[in-house]
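Colleague: I would like to learn how to read a model of this kind, feature by feature. Could we go through it together, with the general idea first and the case at hand after it?

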Amino acid sequence: MKFYFVYKTLAHPELVGSYVQPFTIEERLAHARQADKQLGATVPWIVDAMDNRLKHALGDRPNSEFIIDPKGAVVRKRAWSHPAQVRKDLEELVGKADTFTREENIKLKLEPPLKAPAPRGTMPRLQRPRMQAIVMEPVIEKKGLPFYAKLRVEADGPLINRGEGQLYLGFHLDPFHDAHWNNLTSPLKFELELPKGAKFEKAAGEAAKVKASSDTDPREFLIDVANWPVDLPVKLTVTYSACVGERACHVVEQSYVLRRVRDIDGGGARSDGAGMWKPEEFAKQSLASDKDGDGKLSKSEVRGLMLPHFDDFDANKDGLLDAKEIEEVARWLNTHHAPGVPDKPKK
Amino acid sequence: MRSLARFGLGLILAAILGGPALAQREKKDEDFSKEKPAIGEKLPKVSIFDAAGKEFKTADLRGHYTVLTFGCLT
């Protein structure tokens with residue numbers, strides 16, 4: 001029997017560790033290696049191609065699960081991973097295990113998400129309305145610099161459907177490149193090359209100047225669009241200065257092609273200003289797993305990221321997570337902090 | 001039946017990746033069960049990558065049961 005995790009496009013960019021969609025297979029492989037460290041898993045990863053072919057072939061879900069028999073046929077499938085059900089499935093298909101290992105008994109060596117190399121919180125985040133990712137193709141040059149800052153493009157429903165609405169442009173530093181903005185030079189600027197007939201509120205923009213010499217906050221813009229013909233792409237060119245460490249600073253000019261088509265692989269951003277967890281709502285949703293009705297969650301009642309970090313979240317060390325403690329989980333998720341280690345702004 | 005002991009560990013790791021509290025359901029499971037590949041159909045033949053960046057063919061998943069779970073960092 002073999003187990004594989006399939007590393008796919010991010011379901012929720014910007015959530016936890018400020019991770020953004022990789023642009024190359026090398027970057028996606030780096031994601032998979034980091035996932036290995038953060039999860040402490042011994043199950044091997046396989047990594048989807050950048051055209052997301054396996055995700056598309058198997059139903060385009062963020063966390064789907066399949067059991068394949070020795071002849072290569074799909075014998076079980078579900079839209080959401082369900083370990084307890086997989087155990088039952090395998091008992092039916094293969095037989096009962098000799099030993100039974102429980103989640104709470106596994107001591108995984110987990111590493112925290114990648115840390116930003118410079119402070120965050122120096123520039124207020126743009127509070128954007130509910131939007132969806134649209135297709136964006138980076139123009140990658142063979143010998144070009146990495147995309148230290150990666151563009152995320154979103155559009156509201158009216159813009160996607162009718163060509164009239166709001167467009168979000170967010171330039172997010174990729175933590176895998178360990179770069180920070182060089183605020184000692186000109187701020188980030190972008191220019192749009194609009195097709196005939198397109199009417200945008202503006203075709204260029206410049207980020208606000210930041211007093212701090214460096215930071216890692218995204219540079220974000222909202223643009224009103226009066227008309228964007230669906231079959232005509234927009235070219236975007238961005239110029240920015242980023243440094244890796246203290247000495248390797250680069251002025252970078254990079255380009256993208258934007259299309260007014262929903263990107264089914266773009267994921268839904270979760271960050272300050274975009275889909276942040278509301279702590280009370282998160283606690284209420286989590287407590288739906290409270291099987292014994294005591295108003296708290298035990299280790300046997302939690303799943304996902306809460307489980308390996310359970311002891312860190314259990315502030316009063318009673319072996320249970322109450323609503324207030326679960327609300328802190330949400331705040332941690334929203335601000336990418338390692339549990340118990342809040343970011344402190346540099347003086 | 002050592003292999004079954006391993007699948008116990010695999011299930012736990014899948015739980016960590018799963019995290020339904022952190023994800024929203026977009027379609028119902030009933031819709032998913034009707035989509036391709038259907039139960040009994042062969043896994044589509046796709047060439048992707050292993051963790052080292054080498055080619056990995058789903059067509060090579062033969063001769064044993066395989067559990068595939070999709071996931072990502074966020």
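Colleague: Bearing in mind that this is a predicted model, how many residues does helix H1 of chain A have, and what distance does it reach from its first C-alpha to its last?

Modeller: One compares the reach of a helix with the span expected from its number of residues, at 1.5 Å a residue. Helix H1 of chain A, residues 25–39, has 15 residues and reaches 21 Å, which is close to the expected 21 Å. Just after H1(A) comes Gly40(A), whose phi is positive, near 65°.

Colleague: Which residues of H1(A) are buried?

Modeller: For burial, the count that matters is 20 or more other C-beta atoms within 10 Å of a residue's own. In H1(A) the buried residues are Arg28(A), His31(A), Ala32(A), Ala35(A), Gln38(A) and Leu39(A). Because they cover an arc of only 125° around the axis, they lie on the same side of H1(A).

Colleague: Which residues of H3(A) are buried, and which are exposed on the other side?

Modeller: The buried residues of H3(A) are Pro83(A), Val86(A), Arg87(A) and Leu90(A). Their arc around the axis is only 105°, so they sit on the same side of H3(A). On the other side of H3(A), Ala84(A), Lys88(A) and Glu92(A) are exposed. This helix, too, is followed by a glycine with positive phi, namely Gly95(A), where phi is near 125°.

Colleague: Moving from single helices to the interior, how many residues does the largest nonpolar core have, and which of them have the most contacts inside it?

Modeller: Here one looks for buried nonpolar residues joined through C-beta atoms within 7 Å. The largest such core has 35 residues, and those with the most contacts inside it are Phe5(A), Val6(A), Tyr7(A) and Ile68(A). In chain A, the elements giving two or more residues to this core are strand E1 (2–7), H1, strand E2 (45–47), strand E3 (65–68) and helix H3 (83–93), and in chain B they are strand E1 (47–50) and strand E3 (66–71). The largest share, 5 residues, comes from E1(A).

Colleague: What does Ile68(A) touch, if residues up to four places away in sequence are not counted?

Modeller: Within chain A, Ile68(A) touches Ala73(A), Val74(A) and Val75(A), while in chain B its partners are Leu43(B), Leu61(B), Tyr65(B), Thr66(B) and Leu68(B). There is also a second, separate core of 33 residues, which includes Ala149(A), Leu151(A), Ala207(A) and Val234(A).

Colleague: How many helices and strands are there in chain A, and what is the radius of gyration of that chain?

Modeller: Chain A contains 7 helices and 14 strands. Its radius of gyration is 22 Å, which agrees with the value near 20 Å for a compact globule of 347 residues. Along the principal axes, the C-alpha trace of chain A spans about 65 × 55 × 40 Å. Of the contacts in chain A with a separation of 6 or more, 67% are between residues 24 or more positions apart.

Colleague: Which domains does the assignment give for chain A?

Modeller: The domain assignment lists domain 1 (5–105), domain 2 (132–262) and domain 3 (279–335). The C-alpha centres of domain 1 and domain 2 of chain A lie 31 Å apart, and 11 residues of domain 1 are in contact with 9 residues of domain 2.

Colleague: What pattern does chain B follow along the sequence?

Modeller: Chain B has 2 helices and 3 strands, in the pattern α-α-β-β-β. Buried residues make up 39% of its 74 residues.

How values were computed:
Residues are numbered from 1 along each chain as its sequence is written. Chains are lettered from A and ligands numbered from 1 in the order in which they are written. This is a predicted model: local features need pLDDT of at least 70, side-chain atom pairs count only at pLDDT 80 or more; totals for chains, interfaces and linings use all residues. Helices (H or I, at least four residues) and strands (E, at least two) are DSSP runs, numbered from the N terminus. The expected span of a helix is 1.5 Å times one less than its number of residues. A residue is buried if 20 or more other C-beta atoms lie within 10 Å of its own, exposed if 12 or fewer, and partly exposed in between; C-beta atoms are placed from the backbone. The arc is that of the directions from the helix axis to the C-beta atoms. Two residues are in contact if their C-beta atoms, placed from the backbone, lie within 7 Å. The radius of gyration is taken over C-alpha atoms; the globule rule is 2.2 Å times the number of residues to the power 0.38. Domain bounds come from an automatic or database domain assignment.
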